[in-house]
Amino acid sequence: MHSAQGQTEAAAGYLKKASRIEIQLFNFCISCHGSLILRFGSMKPVIVVHGGAGCIFKEREDGSRSGVIRAALKGYSILKQGGCALDAVEQAVALMEDDPHFNAGCGSVLNQKGEVEMDAIIMDGKNLASGAVSAVKCIANPIKLARLVMEKTEHMLLTDYGAQCFAKAMGVPEIPGEKLITERSRERWMKNLEPDSNPHKFQTDLGTVGAVAIDSEGNVACATSTGGLTNKLVGRVGDTACIGSGGYADNHVGATSTTGHGESIMKVVLARLILYHMEQGMSPEEASDTALNWMKTRVGGLGGVIVVSNSGDWAARFSTKQMSWATVKDDQLYYGIYTGERLTKSFEEALTSEGF
Ligand SMILES: COC(=O)C[C@H](N)C(=O)O
């Protein structure tokens, strides 16, 4: 054992042993590129939510602000209790679907026929599993149905009648379509039908909802839900239901959820594009701005995004006039609606002021 070879063998043996010890001490994983990621202890959880990019009308501003804050608090509470990122994003989005201030679930905009048709997607960054529904009617929480598609089928996207049959089979209660329609969405629909109406007027104040999160295990997830565009053609499927456009999550990079002009988002595959920029070394903020700028210059589309990286860095960026968003990290809430606005409160204080 005094030869150089002997020493090398001894060192190799020691390393083998040491790495076995490390395996026992630390939670670790090997990425598909073969790099070893050691996680010392657990990740700090982070959640970011949005309530839609666009031009938020004054009458919807307070409701939209408080809706995203409540959703972020809900999601963060789940993460803080050791819950997983998937549960946090699903519950945060479901809360906003139930809130009539947003264009998702109850409060969804109406299609040309005056009906609600909703799209939703959820994705698990651990294994790239994803589930989506498009053009679904008469259910309260499309995001929950999307999760069932992910977990109970071998498919990734169910649409319209097929999604409705699946919902029935899963015991998801069917509700009257009227229950999803608010006074505001019906008024807009009627105004848009007037011959001299400006078809773009209400297209800017919509309110799609979304969430991204990282949990204490380092798993990321995203969820997005929408009623789509006002007075859209029956059967129109937007970006929200399409993997890579409305959202994407991959533990090797991070997670993102998008909002804005769906047809533009689909043309540049916005969610995956942001993660691609991050893979090339950009921060979540740089990647978001670069991708949003590309969408604007290449196809003339505006939108907004939320991002969390696999190291817990986050961003909420938009090229529209406004986007309501809220984040909780390190027990601190951050939120805003206007460009450059970043208000903050402690998590505990926010829980009390929101009546949780
Ligand atoms: C803010 O509006 C939206 O996000 C709409 C959604 N992206 C759609 O086109 O279906």
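This dialogue walks through the ligand site and the largest pocket of a predicted model.

Student: Where should I begin when I look for empty space in such a model, and how much space lies in the largest pocket?

Tutor: Rolling a probe the size of a water molecule over the atoms shows where empty space is left. In this predicted model, about 600 Å³ of space lies in the largest pocket, and of the 35 residues that line this pocket, Q203, T204, L206, L229 and H261 are the closest to its centre.

Student: Which helices and strands each supply at least two residues of that lining?

Tutor: Two strands, β3 (46-54) and β10 (254-260), and two helices, α6 (183-193) and α7 (262-268), each do so. By class, the lining of the largest pocket comprises 23 polar, 8 nonpolar and 4 charged residues.

Student: What takes up the space of the largest pocket, and which residues surround the ligand?

Tutor: The space taken by the ligand is the largest pocket. Around the ligand stand A53, L206, T208, T226, G228, L229, R236, D239, T259, G260 and G262, a shell that by class has 6 polar, 3 nonpolar and 2 charged residues.

Student: Which polar atoms of the protein should I examine beside the nitrogen and oxygen atoms of the ligand?

Tutor: Polar contacts are read as pairs of N or O atoms within 3.5 Å. Here a ligand nitrogen lies 2.7 Å from an N or O atom in the side chain of D239, a ligand nitrogen is also 2.7 Å from a polar backbone atom of G260, and a ligand oxygen is 3.1 Å from a polar backbone atom of G262. Of the 290 Å² of accessible area that the ligand has on its own, the protein covers 99%.

Terms used:
Residues are numbered from 1 along each chain as its sequence is written. This is a predicted model: local features need pLDDT of at least 70, side-chain atom pairs count only at pLDDT 80 or more; totals for chains, interfaces and linings use all residues. Side-chain values use heavy atoms; hydrogens and water are left out. A residue is near a molecule or strand if one of its heavy atoms lies within 4 Å of it. A polar contact is a pair of N or O atoms within 3.5 Å; within protein, one must be able to donate a hydrogen and the other to accept it, and residues adjacent in sequence count only if both atoms are side-chain atoms. Accessible areas come from the Shrake-Rupley method with a 1.4 Å probe; for residues, only the protein chains shown count as cover. On a 1 Å grid over the protein atoms alone, a cavity is a set of points where a 1.4 Å probe fits but cannot get out, and a pocket is an open set with protein on both sides within 12 Å along at least five of seven lines; lining residues have an atom within 4 Å of a point. A molecule sits in a cavity or pocket if more than half of its atoms lie within 2 Å of its grid points. Ala, Val, Leu, Ile, Met, Phe, Trp, Tyr, Cys and Pro count as nonpolar, Asp, Glu, Lys and Arg as charged, and the others, Gly among them, as polar. Grid points are joined across faces, edges and corners, and a volume is the space filled by probe spheres set on the points. Helices (H or I, at least four residues) and strands (E, at least two) are DSSP runs, numbered from the N terminus.
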